[in-house]
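These are my notebook entries from one session with a single chain. I set down each item as I looked it up.

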Amino acid sequence: MTIKIVTRFLIALQLHLVKKIPLPLSGLMVGLSIWWICTTPLWHRDLMLVDFSLERCIVSLFQLFNSHSIFPHIFASLRRVLVGLLIAISLGVPMGIFLGMYRSLDLATSVLFQLVRMISPLSWMPIAVMVLGIGDLPVYFLLSISAIWAVILNTSAGVTAVDTQWLLLSKSLCATKWETISQVIIPAIIPHLLTGIRLAMGVIWIVLVPAEMLGVNAGLGYFILDTRDRLAYSELAAVIVIIGLIGYFLDAVLRFTHQRWTHLV
């Protein structure tokens, strides 16, 4: 009888604790629990499987950050992401504005752009290496071409969604084309542009790892290859976790920026 009472008390306590945990955190805890159950050395004897266990991954995370050996690779990847995103924005925003302003130009390029957009960015890897060599240049190219379409399409959609009364008012005030673009169109399309940048960042972060396998000597993608060659599978799992955490942080920053902007306007 006493055992039943204790069991019921523990079940009630667990249910109470579960209700107190935020839903996103509870989902994360479930995922970590599944990872631990499937790989823990307490229950498994497969050495390769155990190397990917949660326990050894946490130990490798502490070792990587404590030795500072992971920081050069993180900084190198973030630099490439920033350069690729800036190239995509600097080319994609003007193209998107012109496509949105001139319907005939949009129709003339729609088939071509949709065709090229559907080509996997990784398909360009051999061409990028042959033309640009090895190093950072082909990585910049792959990141830019993977991100530019989200910027173009969202910018163009933002231009077409601009209130026509604003454009008529600008025209009635004898505003030049540049004044209309800079004073009316660009402020109006910022929410669409931020959405495009967020989508572009997600694509860039996915393409980054295979792109950094093109002969560079630093970066998270390079470090994954290095851990594979050294058979350091616990470090490989740790790097995968780091990639996920950094990607989540970048997306959270852009999501917060978008929310703040839409709240201000």
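Entry 1, Ser123. I looked up the exposure of Ser123 and found a relative accessibility of 44%. Buried requires under 20% and exposed over 50%, so I recorded Ser123 as partly exposed. I then placed Ser123 in the loop that joins helix H6 (103-117) to helix H7 (125-132). I also took a C-alpha to C-alpha distance from Ser123 to Leu142, which came to 9.3 Å for two residues 19 apart in sequence. I note here that the model is predicted, and I read every value in these entries with that in mind.

Entry 2, the whole chain. I counted 12 helices and zero strands. Reading from the N terminus, I wrote the order of elements as α-α-α-α-α-α-α-α-α-α-α-α. The chain has 265 residues, and I noted that buried residues make up 36% of them.

Entry 3, positive phi. Which residues other than glycine did I find with a positive phi? I noted His68, with phi near 65°, and Leu231, with phi near 60°. I kept these two entries because most residues other than glycine have a negative phi.

I located His68 in the loop between helix H4 (54-67) and helix H5 (71-101). His68 has a relative accessible area of 52%; the cut-off for exposed is over 50%, so I listed His68 as exposed.

I located Leu231 in the loop between helix H11 (220-229) and helix H12 (233-264). At 54% relative accessibility, Leu231 also went down as exposed.

Entry 4, Ala157. I found Ala157 within helix H8, which spans residues 136-160. Its relative accessible area is 34%, and I therefore recorded Ala157 as partly exposed. I next asked how far the C-alpha atom of Ala157 is from that of Gly100. The separation is 6.7 Å, although the two residues stand 57 apart along the chain.

Entry 5, the packing of H8. I turned to H8 and helix H10 (residues 177-211), whose axes lie 7 Å apart at an angle of about 155°. Angles over 145 degrees count as roughly antiparallel, so I described H8 as roughly antiparallel to H10. I recorded the crossing of H8 and H10 as right-handed. What kinds of residue make up the contact of H8 with H10? I listed 18 nonpolar, seven polar and no charged residues in this contact.

Entry 6, the largest pocket. I noted a volume of about 290 Å³ for the largest pocket. Its lining holds 15 residues, and I wrote down those closest to the centre: Met101, Leu167, Lys177, Thr180 and Ile185.

Which helices each supply at least two residues of this lining? I found that H5, H8, helix H9 (164-172) and H10 do so. The largest share comes from H9, with four residues. By type, I sorted the lining of the largest pocket into seven nonpolar, six polar and two charged residues.

Entry 7, cross-reference. I marked H8 and H10 as entered under two headings. The two helices pack with their axes 7 Å apart, and each also supplies at least two residues to the lining of the largest pocket. I compared the make-up of the two sites as well: the contact of H8 with H10 has no charged residues, whereas the lining of the largest pocket includes two.

Terms used:
Residues are numbered from 1 along each chain as its sequence is written. This is a predicted model: local features need pLDDT of at least 70, side-chain atom pairs count only at pLDDT 80 or more; totals for chains, interfaces and linings use all residues. Side-chain values use heavy atoms; hydrogens and water are left out. Buried means under 20% relative accessible area, exposed over 50%, partly exposed in between (1.4 Å probe, protein chains only). Axes are lines fitted to C-alpha atoms, for helices over the stretch in contact, and angles run from 0 to 180 degrees between N-to-C directions. Angles under 35 degrees count as roughly parallel, over 145 as roughly antiparallel, 65 to 115 as roughly perpendicular and the rest as oblique. A crossing is left-handed if the near helix is turned anticlockwise from the far one by less than a right angle, and right-handed if clockwise. Ala, Val, Leu, Ile, Met, Phe, Trp, Tyr, Cys and Pro count as nonpolar, Asp, Glu, Lys and Arg as charged, and the others, Gly among them, as polar. On a 1 Å grid over the protein atoms alone, a cavity is a set of points where a 1.4 Å probe fits but cannot get out, and a pocket is an open set with protein on both sides within 12 Å along at least five of seven lines; lining residues have an atom within 4 Å of a point. Grid points are joined across faces, edges and corners, and a volume is the space filled by probe spheres set on the points.
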